[in-house]
Amino acid sequence: MSVMDVLRPALININGRIYRRNTVKEEEYYEEEEDFSNMETPEREELLDDETCDSYYIEQTDRGYRCALDVPSALYKYIIGKKGETRRRLESDTKTSINIPKQGVEGQIVITGSQKAAVSSAVTRVEVLVESFRKKQPFTHFLSFPLNDPKIQEGFLKFKDEVLLQCSQDYGVEESIFQNPAKLHLTIGTLTLLNDMEVQKACAYLQECESFIRDIAEGKSLLLEVAGIEYMNDDPGMVDVLYAKVNVKDGSDRLQMIADRLVEHFVSAGLMVREWDRVKLHGTVMNTLFRKDSAVKETGGAGRQTTTQREAFDARNILKKFGTYSFGEFELNTIKLSQRYSTDCTGYYTSAGSIIFS
């Protein structure tokens with residue numbers, strides 16, 4: 001652990017309380033899990049003295065106290081630990097019993113004990129573990145504005161053909177790095193939803209957004225113009241992502257306003273992490289993550305990359321010749337909660353939920 005790690009320890013916010021945690025060496029997890037119970041929480045004496053649990057209801061029973069926590073099965077292993085060491089240490093430190101469902105079986109983790117403060121202490125420590133390791137999980141879903149209107153797909157395919165015709169001799173430019181036209185979209189924000197309950201919760205929050213979205217859009221579809229291309233990094237000669245710019249035809253900021261309000265709503269619900277002050281809306285048209293992976297080529301970016309090293313491409317000629325290229329215009333009236341690595345019957349990502357605002 002470095003000096004800076006000591007001076008500026010990692011912090012975790014659990015229901016308004018701030019906790020420190022020790023650095024944990026990350027390893028691959030199989031049947032036997034490592035012990036993660038050394039992550040720091042408030043001192044044991046403080047927790048057992050008068051600790052309350054705001055996020056879960058602790059009920060009194062004939063034998064003491066009981067609290068049930070909704071935890072996705074994918075996170076059980078971090079509470080169990082190697083050969084059960086983490087769970088045993090938590091039980092020993094808090095004088096409680098922690099009942100965890102079998103791996104892969106969705107259910108509740110039940111904590112029981114003779115003292116309410118002890119159960120509350122155990123709940124807090126489990127919450128710290130869950131929140132810490134949840135952040136390490138890859139995202140599973142994302143909010144999106146679909147750009148796969150037939151007119152935009154047609155414009156994209158023409159763009160692809162012309163780029164391959166005129167720029168295929170440029171370094172790294174080849175067919176596999178183009179987006180699947182059926183999956184063209186604008187990403188609003190990403191979510192990590194680890195079971196059906198969390199997906200349903202996210203869908204419910206999306207429906208709550210319908211009112212303010214309709215207000216911003218004035219109950220009408222937004223006429224969007226997809227025109228011009230840009231790149232992500234500083235060197236146009238070594239590019240990983242090339243994207244199309246998207247604007248509301250009337251020049252208003254309504255698309256950006258909707259995206260920012262959606263992110264604000266989902267961040268406040270704890271379902272999304274804010275990455276930027278404003279959502280950077282961009283429609284990916286070329287991405288080196290798609291390169292040389294048959295699974296990705298078949299699913300148009302919905303597959304997983306198999307190569308460990310991304311190979312950039314030279315976009316200078318593409319930017320020079322197609323910098324103002326127009327992919328077309330279309331009317332947007334839908335927002336989707338899309339599932340990563342999936343494809344529906346239309347070729348777009350499978351939708352877990354959606355809003356139509358006109």
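**Exercise 1. Work out the strand order of the sheet that contains S8 and S14, and find its edges.**

Solution. Start with the order: 4 strands make an open sheet that reads S8-S7-S13-S14, with antiparallel pairing. Strands here are DSSP runs of E with at least two residues, helices are runs of H or I with at least four, and both are numbered from the N terminus. Two strands pair if DSSP finds at least two bridges between them. Next, the edges: strand S8 (185–191) and strand S14 (351–356) each have a single partner strand, so one side of each has no neighbour in the sheet. From one strand to the next, the twist averages 20°.

Now zoom in on one pair. Strand S13 (residues 334–339) joins S14 through 5 bridges, in the antiparallel sense. Ser338 has Ser351 in S14 as its bridge partner.

A quick word on what you're looking at: this is a predicted model, where local features need pLDDT of at least 70, side-chain atom pairs count only at pLDDT 80 or more, and totals for chains, interfaces and linings use all residues. Residues are numbered from 1 along each chain as its sequence is written, and side-chain values use heavy atoms, leaving out hydrogens and water.

**Exercise 2. Do the job again for the sheet that contains S3 and S5.**

Solution. This open sheet has 4 strands in the order S3-S4-S6-S5, and its pairing is antiparallel. Strand S3 (59–61) and strand S5 (96–99) are the edge strands, each pairing on one side only. The twist averages 25° from strand to strand. S5 runs antiparallel to strand S6 (residues 108–113), and 4 bridges join them. Look for Ser97, and you'll find Thr112 of S6 opposite.

**Exercise 3. Describe how H7 packs on H9.**

Solution. Two packed helices are described by the angle between their axes and the distance between the axes. Helix H7 (residues 196–208) and helix H9 (residues 254–268) pack at about 135°, with axes 10 Å apart. The axes are lines fitted to C-alpha atoms, for helices over the stretch in contact, and angles run from 0 to 180 degrees between N-to-C directions. That makes H7 oblique to H9; angles under 35 degrees count as roughly parallel, over 145 as roughly antiparallel, 65 to 115 as roughly perpendicular and the rest as oblique.

Then list the residues. H7 brings Ala202, Tyr205, Leu206 and Glu208, while H9 brings Leu262, His265 and Phe266. Contact means heavy atoms within 4.5 Å.

**Exercise 4. Is Gly237 buried or exposed, and which residues is Gly237 in contact with?**

Solution. First locate Gly237: the loop between strand S9 (222–231) and strand S10 (241–248). Gly237 has a relative accessible area of 11%, so it is buried; buried means under 20%, exposed over 50%, and partly exposed in between, with a 1.4 Å probe and protein chains only. Leaving aside neighbours within four places in sequence, Gly237 is in contact with Phe313, Asp314 and Arg316. The C-alpha atoms of Gly237 and Asn317 are 9.1 Å apart, with their places 80 residues apart along the chain.

**Exercise 5. Place Arg261 and find what Arg261 touches.**

Solution. Arg261 sits in helix H9. Its relative accessibility is 36%, so Arg261 counts as partly exposed. Not counting residues up to four places away in sequence, Arg261 touches Phe212 and Ile216. Arg261 and Phe212 are 49 residues apart in sequence, and 8.4 Å from C-alpha to C-alpha.
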